[in-house]
Amino acid sequence: MSRPNILILMVDQLNGTLFPDGPAEWLHAPALKALAARSTRFAKAYTASPLCAPGRASFMSGRLPSRTRVYDNAAEFASDIPTFAHHLRRAGYRTCLSGKMHFVGPDQLHGFEERLTTDIYPADFGWTPDYRKPGERIDWWYHNMGSVTGAGVAEITNQMEYDDEVAFAAEQKLYDLARGRDDRPWCLTVSFTHPHDPYVARRRLWDLYSDCKHLQPEIAALPYDAHDPHSQRIFDANDWRNYDISEDDIARSRRAYFANITYLDEKVAGLMDVLERTRQEAIVVFVSDHGDMLGERGLWFKMNFYEGSARVPLMIAAPGMAPGLVSDPVSTIDLCPTLCDLAGVSMAEVMPWTDGESLVSLASGRRRVSPVAMEYAAEASVSPLVALRAGRWKYTNCAVDPEQLFDLEADPHELTNLAEDPAHAGTLERFRVMAAARWDLEAFDAEVRDSQARRLTVYEALRNGAYFPWDFQPLRDASERYMRNHMDLNVLEGSQRFPRGE
């Protein structure tokens, strides 16, 4: 059978509440708005875990962190866990990655046949949290509020340099795929690090938001003591006491963040332009790994289950999926089975052990019955946190924290915890039963602690003596590029041209 090409556009830390039905009207994002118009749009999509490496491993494998064992940003993604890249490659796809996926460990491919760039973050165990030392800050890699106080304008940053390379490499790959030297269908994943903090944008994009009416959060900062225990730990992990955050800092941070959404939109526009001009058709998926609180209730970045952190944009433009809005909650772990479904690829061998389900039929009106599950077991936690999202409700639990129950229809900003309200005791019990059937929190905690202790021991050992990094090293053989004397110039010029007859 003929299998469709697939282009996956992934971004980092993009708040899904800004995508109620595609990009919010006030965002300068014409390419993403055009993509939204022809996509199935999932207004209530959630990450499997509100942190980069765990969220991405779950997105790729269709498994929660408790199954992938990628609990934090320094946990190894095991080579024996199949990803959508493995499934598609088994079925004859050419699989390629340009950009970030935050793989930790010696396997830096995980089913991709080719990587075009290195990653922006380290691949070793150096960022391992330690539950045995609650409250300890590791200043050289933990977030701090300097991303907020330092927000502003720059023409080049570490992250811009990276994403400029990611986009260029991906566009060059699309040109190469058009040349037709390989008749396999392809799946190209292009994964950017923006709009992840630090909140710094190029001047011409910054200027687009000079009159933006959304530069302050809807919910102002709450007093420290008014926050739940996990949010307090996030404040402490972010070193908030050593920073004085002004309204101007908040406005500048949000302005740069919005400007970087436009930066990403331009990258998407470039890729879509190459796709169109090379006459290639492809399913297009747009998704983020997790969100960003952007100052709502005083919180920044991610690491919690509130909407700003856990909700992500998700749009799929594909034959068989009608353009329109799906309001049922879904998860990024649903993308692995969805991609396989769209490509006609079976996951039968591993489906009993996956957590996701295909989203294809939701575009035709089927309703979601099962709850969406989330997990978090990284910095600022002292024991794993879990959450369930179903219907109008969100439920969270942790062995060391009070339960939370929010009615998101009546309380979209999650300000009223109904867990102790007798009027909602039945709903709370229903979620308790569902959570108990899915998780053994005591066992989960023990597994995380075991993993942390192993990794901290191994990292300390490997940093003594000669050090061999796991960071991906892109290989480019200059002797096989452009014109060399073992090539026929006439054949080369003809094969490299697209289209050939015009």
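## A tour from strand to strand

Start by selecting Val-386 and looking across to β16: the residue opposite is Asn-397. Keep in mind as you click around that this is a predicted model.

**Stop 1: the strands around β15**

Now widen your selection to residues 385-390, which make up strand β15. Is this strand covered or not? Mostly covered: six of its six residues are buried. Turn the strand over in your viewer and you'll find that both faces are covered. Leu-385, Ala-387 and Arg-389 are buried on one side, and Val-386, Leu-388 and Ala-390 are buried on the other.

Next, add residues 393-398, which form strand β16. β15 and β16 run antiparallel to each other and pair over six bridges. Follow the chain round the turn of this hairpin, where two residues lie between the strands. Click on Gly-391 there: this glycine takes a positive phi near 60°.

Then add residues 372-376, strand β14. β14 also pairs with β15 in the antiparallel sense, over five bridges. To see one of the matches, select Met-374, whose bridge partner in β15 is Ala-387.

**Stop 2: a three-stranded sheet**

Which strands should you select for an open sheet of three? Pick β10, β3 and β13; the order across the sheet is β10-β3-β13, and the pairing is mixed. β10 (311-312) and β13 (330-331) are the edge strands, and each has a single partner, so one side of each has no neighbour in the sheet. Zoom in on β3 (residues 45-46), which pairs with β10 in the antiparallel sense over two bridges. Here Ala-45 stands opposite Val-312 in β10.

**Stop 3: rings that meet**

Time to show the side chains of Phe, Tyr and Trp. Counting rings whose centres lie within 6.5 Å of each other, there are 18 aromatic pairs. Select Phe-125 and Trp-470: their ring centres are 5.2 Å apart and their planes are at 75°, so this pair is edge-to-face. Where do the two partners sit along the chain? Phe-125 is in the loop between β5 (114-115) and α5 (146-149), while Trp-470 is in the loop between α13 (441-462) and α14 (489-495), so the pair ties together parts that are 345 residues apart in sequence. Phe-125 itself is buried, at 7% relative accessibility.

Now select Tyr-199 and Tyr-257. With ring centres 6.3 Å apart and planes at 65°, these two are edge-to-face as well. The link again joins distant parts of the chain: Tyr-199 is in the loop between β7 (186-195) and β8 (200-201), and Tyr-257 is in helix α9 (residues 247-277), 58 residues apart. Tyr-199 is buried at 1% relative accessibility, and Tyr-257 is buried too, at 0%.

Add Trp-26, Tyr-209, Phe-258, Trp-300 and Phe-301 to those two tyrosines, and you have a cluster linked by ring pairs.

**Stop 4: charges over rings**

Select Arg-297 and Tyr-306. The charged end of Arg-297 sits over the ring of Tyr-306, 4.0 Å from its centre. Then try Arg-438 with Trp-439, where the charged end of the arginine sits over the ring, 5.6 Å from its centre.

**Stop 5: backbone oddities**

Most residues other than glycine have a negative phi, and most peptide bonds are trans. So hunt for some exceptions.

Go to His-194 and Pro-195: the peptide bond between them is cis, with omega near 0°. Pro-195 is in strand β7. A short walk along the chain brings up another cis bond, from Asp-197 to Pro-198, with omega near 10°. Pro-198 lies in the loop between β7 and β8.

For positive phi, click on His-110, where the angle is near 50°. His-110 is in the loop between β4 (94-99) and β5. Is it buried or exposed? Buried, at 0% relative accessibility. Then visit Met-303, with a positive phi of about 80°. Met-303 sits in the loop between β9 (282-288) and α10 (307-310), and is buried, with a relative accessible area of 1%.

**Last stop: zoom out**

Show the whole protein as a cartoon: it has 14 helices and 17 strands. Its radius of gyration is 23 Å, close to the 23 Å from the globule rule for 502 residues, so the protein is as compact as a globular protein of that length. The C-alpha trace spans about 80 × 55 × 50 Å along its principal axes. Buried residues make up 60% of the 502. Switch on the surface to finish: the accessible area is about 20700 Å², and 51% of it belongs to carbon and sulfur atoms.

Note on methods:
Residues numbered from 1 in each chain as written. Predicted model: local features only at pLDDT ≥ 70, side-chain atom pairs only at ≥ 80, totals over all residues. Heavy atoms only, no water. Phe/Tyr/Trp six-rings, centres within 6.5 Å; stacked < 30°, edge-to-face > 60°. Helix = DSSP H or I, 4+ residues; strand = E, 2+ residues; numbered from the N terminus. Buried < 20%, exposed > 50% of the residue type's maximum accessible area, 1.4 Å probe, protein only. Lys NZ or Arg CZ within 6 Å of the ring centre and 35° of its normal. Pairing = 2+ DSSP bridges. Rg over C-alpha atoms; globule rule 2.2 N^0.38 Å. Areas by Shrake-Rupley, 256 points an atom, 1.4 Å probe, with all protein chains shown as cover.
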